[in-house]
Structures are given as C-alpha cells and as structure tokens.
Amino acid sequence: MGFYSKHILPRLINLTCKTSSLTKQREKVIPFATGNILEIGVGTGLNLPFYNSRNILKLTAIDPYEETWQKREIDSSKLDYKFEFVKASAEELPFKNNTFDTIVITYSLCTIPDVDKALREMSRVLKQDGTLIFCEHGVAPDKKVSATQDFINPIWKPLSGGCNLNRNIPELIEKNGFTIQDLKSMYIPGWKFASYNFWGSAKKTL
C-alpha cells in the first residue's frame, strides 16, 4: 500500500462521504434497520448516528480495512445499542447462514472487487424473512452521462480506491439472490457522473 493509498485516499473518501447530500441519503434508509443487523463496509462509521437504537438487538459492522475504522470520529463504546466491529471482507463473511434480520450497505457496492460473490454472501447470512437495505451510486439513465461514466471509470477507479461509477446496482442485487421490494433513484447534488443514486430495500429470493 503506497503513501497515497494509505494516507491521502482514506481522508479524501471520508471527506466525500461526509458531504451533506450523502448524509441526507443515509438518513433516508438507516433508521429502518431492525433486529440483529449487519453493516457491510462501515468505513469510519458515518452511518452509526442514524440507527434507531429502539429497533436494534445488535449491530455488527464489518470492513476489510481496520486502519480506516481506526480513523472514526465517533466513540463506538458510547453507542446506545450493542455494537461489534469485525475485520472481514464482504466476499467472505465469517457468519453462519440465516444469521441477520437486516443487512445494511451504503456506498460500498461500487468498490467491492467481486460484487456478485459479496451479494451472494449477504443473501446467505440474511434470514429468509430478512431485509437488505441499500443506498448506492451507480450507472445513470441518461446515455450521455452513462457514456461519460464509462469513459472516466478506468481513470477514476484507481484514484478513488476501486470505486466504479457505472455499476447497475438494481441489476446486481436482483441477479444475486434478492428481489427488490422498494426502489427510488435520482441525481443528488454533486458531479453528475458520480451522483446518480439508488436506494431502497430487497428481500431474499425464495
């Protein structure tokens, strides 16, 4: 891991993810998580303040980079719900089948290297009646914007820690063990090529 990846990139990602437009997106979905919850890609813990503690039995949060988690601003020991951080990748979740009531993933599906495997892992550890809650950016519906995304992506990806601008989030979710129950999408404030957002919920496919 070079100087840029270790010291500069995490700060840039954290600053980007803390913008008001992304914070408003988190506020739309996080409070709906209930029961025994798994958060994928907790990063620096930007979602943690938005969970409704009255609805939580326990929140388990994973991230493959413990160094990123150590840069959090929130004191996880003072959360008013049961919490555990686990260093793990989404492609190899260290949990038994049918463990969680809710899985939460925000702004991580763009970056996970083997996103298909990761989603299948999420389906595996989610209870049959459980819910996947997601909020992600991805491919835009406008041809000019999506063409720009395709053009920029090879340059953008290495500079942004593996983030892909052009992943079709609903398609990825539905082809890997889920049926989307609720879906909203729109451009949010920001660079247009990086600001088309999808958010909603999905259930395991029977």
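Here are four short exercises on this predicted model, each with a worked solution.

Before you start: this is a predicted model, so local features need pLDDT of at least 70, side-chain atom pairs count only at pLDDT 80 or more, and totals for chains, interfaces and linings use all residues. Residues are numbered from 1 along each chain as its sequence is written, and side-chain values use heavy atoms, with hydrogens and water left out.

**Exercise 1. Find the partners of strand β2, and say how covered β2 is.**

Step 1: Locate the strand. β2 spans residues 56-63; strands here are DSSP runs (E, at least two residues) and helices are DSSP runs too (H or I, at least four), numbered from the N terminus.

Step 2: Look for pairing, which takes at least two DSSP bridges between two strands. Strand β1 (residues 35-40) pairs with β2 in the parallel sense over six bridges. For instance, N36 has K58 in β2 as its bridge partner.

Step 3: Now try β3 (residues 83-87). It runs parallel to β2, and five bridges join the two. Here T60 has E84 in β3 as its bridge partner.

Step 4: Check the cover. Six of the eight residues of β2 are buried, where buried means under 20% relative accessible area, exposed over 50% and partly exposed in between (1.4 Å probe, protein chains only).

**Exercise 2. Do the same for strand β7.**

Step 1: β7 is mostly covered, with eight of its nine residues buried.

Step 2: β5 pairs with β7 in the antiparallel sense, over seven bridges. In that pairing, H137 stands opposite N197 in β7.

Step 3: β6 runs antiparallel to β7 as well, and nine bridges join them. S185 has F198 in β7 as its bridge partner.

**Exercise 3. Describe the largest nonpolar core.**

Step 1: Get the rule straight. A nonpolar core is a set of buried Ala, Val, Leu, Ile, Met, Phe, Trp, Tyr and Cys residues joined through side-chain atoms within 4.5 Å.

Step 2: Count. The largest core has 31 residues, and I40, M122 and I173 have the most contacts inside it.

Step 3: See who contributes. At least two residues each come from β1, β4 (100-106), α4 (115-125), β5 (126-137), α6 (169-174), β6 (178-187) and β7 (196-204). The largest share, five residues, is from α4.

Step 4: Zoom in on I173. Setting aside neighbours within four places in sequence, I173 is in contact (heavy atoms within 4.5 Å) with L109, L119, L132, F134, F178, I180 and A202.

Step 5: Don't miss the other one. A second, separate core has 22 residues, including V29, Y51, L59 and F85.

**Exercise 4. Work out the surroundings of T106, then check the cysteines for disulfides.**

Step 1: T106 sits in strand β4 and counts as buried, at 5% relative accessibility.

Step 2: List its polar contacts (N or O atoms within 3.5 Å; within protein, one must be able to donate a hydrogen and the other to accept it, and residues adjacent in sequence count only if both atoms are side-chain atoms). The T106 side chain makes one with the side chain of R26 at 3.3 Å, and another with the side chain of N47 at 2.8 Å.

Step 3: Beyond four places in sequence, T106 is in contact with R26, V29, I30, N47, C135 and E136. C135 is itself buried, with a relative accessible area of 0%.

Step 4: Turn to disulfides (a pair of cysteine sulfur atoms within 2.5 Å). The structure holds zero of them. Take C163: its closest cysteine sulfur is in C110, 3.7 Å away, so that pair is too far apart for a bond. C163 is buried, at 9% relative accessible area.
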